[in-house]
Amino acid sequence: MPKVLFIQPSQYLVRGGIVKQKKLYLPGLVFPLLAAMLPIHWEVEVRLEVIDDIDFNADADIVGIGAMGHSIFRAFDLADEFRKRGKIVFMGGYMASMVPEMALQHADSVVIGDSELSFPQLVDDFEKTGQLKPIYDNPLTELKHLPIPRYEMLTAKPIGDMLPVQAGRGCTHGCSFCSIACIYKGRHMMRPIDEVIRDIEYIRSLGYRKFYMIDDNIMNNPAYLEELCQRIEPLRMKWSSQCTMDLAKNDSLLKQVAKSGCEILSLGLESISQEGLDKLNKSWLRVDDHRTLIKAFNDAGIMISAEMIIGTDGDTIESLKATYDFIKECRIPLLRIYFLTPAPATKLYVELKHSGRLIHEDFSHYNSSECVYYPEKMTPEELTYMYNWLNGRIFSINGIVSRTLLNKQFLHYPLKHLFAFFVNLHYRSYVKRGETPLII
């Protein structure tokens, strides 16, 4: 009976070692989904390295490694070790899809982009020939007829209180720094609502009362989101997801999202510099709206989990000091700050390379916690100083308490803000070690 071993690699720490935790709070969906697509005579094992050990002597016939972001370098090392031991290795995920020529230096095969069509072909090739094609590239034109993921592969592990559900994939925006824009090029696919509800109901039958809705931007289709939330509401589930700030411009939809049980939304605030956003092809996000829209989310009872980037072409030392004032004023409860990082193959990377602004192309240092290009209005050293200055204040004990326990929303939603307080302590532990806080 053939067997596939799926591995989600951890991430290297700047000071050595890899990220390990006792619990994984936001497990991914791809491996349980692909496991559900395997022929019945195949065995499957899933190892999530953040919480699992990796057995290089595993009895698997093929090893599938999927990585996002900087974890691709841990994926390369794992792949090399398995291949030394005679295993056939294939890789997938955003980074492998963006730089397949790099991934093929470490793997026998690369699945580019969507895997729902490619993976069955890969399995069939192995069964017929014992080998894999170097590249499988079969983008989906629609996101439908997906099986119920084999969630038991996650529930058997030490995970949090949420399971993932796919609603959509891709994004209609073309932000120059974004890997989603690089791969999907303005496309967005939505699953049939009946199928999404089927998966949510299955999660509920497993005893879970929370789920994480996977969608690169749930605001891509407001009508779809409204109908989906109307269907979710009777299930009495709590959920989280990510979207653009535009949701708060639609008052009735925002209320429906909150009414359906949405607790937390991850938002790309990015910057308070409009010039910087414009140069990143994100001019549709208006910094003058930030405060009004944040207030709208707060009033609706939805907690913001924000991400901001420093080092845009509009950033100066003064603008980054003003960024701290903005964060302090708005008391954003969950927040992560990253260096603007030109991921290989993105439009931003091409632009910076063409203009000679890359400091180097050692991608192992493209980890969002180092400056790897020459900012327009600052030196790399100045930007690094301001990155540490910002993080030091944001994740000081006073800064954390101010944004969570002393937040005006605490009286209305104390449990959510207590949760945010402890998440910030988790982030603080990374910041104190000079690491980028990881959402895991």
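Visitor: Is Asn-281 buried, partly exposed or exposed?

Guide: In this predicted model, Asn-281 sits in the loop between α11 (274-279) and α12. Its relative accessible area is 37%. Buried would require under 20% and exposed over 50%, so at 37% Asn-281 is partly exposed.

Visitor: What is the approximate phi of Asn-281?

Guide: Most residues other than glycine have a negative phi. Asn-281 is not a glycine, yet its phi is positive, at about 60°.

Visitor: Where does His-145, which has a positive phi although it is not a glycine, lie?

Guide: The phi of His-145 is about 60°. With a relative accessibility of 64%, His-145 counts as exposed, since the threshold for that class is over 50%. Its place is in the loop between β6 (135-137) and α6 (152-155).

Visitor: Which residue with a positive phi follows helix α12?

Guide: Helix α12 spans residues 290-300. After α12 comes a residue whose phi is positive, near 85°, and that residue is Gly-301.

Visitor: Which elements do the buried residues of α12 pack against?

Guide: The buried residues in this helix are His-290, Leu-293, Ile-294, Ala-296, Phe-297 and Asn-298. They pack against two helices and two strands, namely α10 (251-259), β12 (262-270), β13 (303-310) and α13.

Visitor: Is α13 roughly parallel or roughly antiparallel to α15?

Guide: Helix α13 covers residues 317-330 and helix α15 covers residues 380-394; their axes are 10 Å apart, at an angle of about 15°. Angles under 35 degrees count as roughly parallel, whereas roughly antiparallel requires over 145. The helix α13 is therefore, with respect to α15, roughly parallel.

Visitor: How many nonpolar residues does the contact of α13 with α15 contain?

Guide: The crossing of these helices is right-handed. From α13 the contact uses Ile-317, Leu-320, Lys-321, Tyr-324 and Ile-327, and from α15 it uses Glu-382, Leu-383, Met-386, Trp-389, Leu-390, Arg-393 and Ile-394. By class there are three charged residues and no polar ones, and the nonpolar residues number nine.

Visitor: At roughly what angle do the axes of α8 and α9 cross?

Guide: Helix α8 (residues 193-205) and helix α9 (residues 222-232) have axes that come within 10 Å. Their crossing is right-handed. The angle between the axes is roughly 35°.

Visitor: How many charged residues belong to the contact of α8 with α9?

Guide: On the α8 side are Ile-193, Asp-194, Val-196, Ile-197 and Ile-200, which meet Tyr-224, Glu-227, Leu-228, Arg-231 and Ile-232 in α9. Asp, Glu and Arg fall in the charged class. The contact has seven nonpolar residues and no polar ones, and its charged residues number three.

Visitor: How far apart in space are Pro-222 and Asn-250, C-alpha to C-alpha?

Guide: Pro-222 lies in helix α9 and is partly exposed, with a relative accessible area of 34%. Pro-222 and Asn-250 are 28 residues apart in sequence, and the distance between their C-alpha atoms is 8.9 Å.

Visitor: Is Thr-323 buried or exposed?

Guide: Thr-323 is found in helix α13. Beyond residues up to four places away in sequence, it touches Ile-272 and Met-308. The relative accessibility of Thr-323 is 5%, and the limit for burial is under 20%, so Thr-323 counts as buried.

Visitor: Which residues does Thr-384 touch, not counting residues up to four places away in sequence?

Guide: Thr-384 belongs to helix α15. At 30% relative accessibility it counts as partly exposed. Its contacts outside that sequence window are Phe-339 and Cys-371.

Visitor: What percentage of contacts between residues at least 6 apart in sequence join residues at least 24 apart?

Guide: The protein chain contains 17 helices and 14 strands. Buried residues account for 56% of its 440 residues. Of the contacts between residues at least 6 apart in sequence, the share joining residues at least 24 apart is 74%.

Visitor: What is the radius of gyration of the protein chain?

Guide: The C-alpha atoms fill a box of roughly 60 × 55 × 40 Å along the principal axes. For 440 residues the globule rule gives 22 Å, and the chain comes close to that value, so it is as compact as a globular protein of that length. The radius of gyration is 21 Å.

Methods. Residues numbered from 1 in each chain as written. Predicted model: local features only at pLDDT ≥ 70, side-chain atom pairs only at ≥ 80, totals over all residues. Heavy atoms only, no water. Axes fitted to C-alpha atoms, helices over the stretch in contact; angles between N-to-C directions. Helix = DSSP H or I, 4+ residues; strand = E, 2+ residues; numbered from the N terminus. Parallel < 35°, antiparallel > 145°, perpendicular 65-115°, else oblique. Left-handed = near helix turned anticlockwise from the far one by under 90°. Contact = heavy atoms within 4.5 Å. Buried < 20%, exposed > 50% of the residue type's maximum accessible area, 1.4 Å probe, protein only. Rg over C-alpha atoms; globule rule 2.2 N^0.38 Å.
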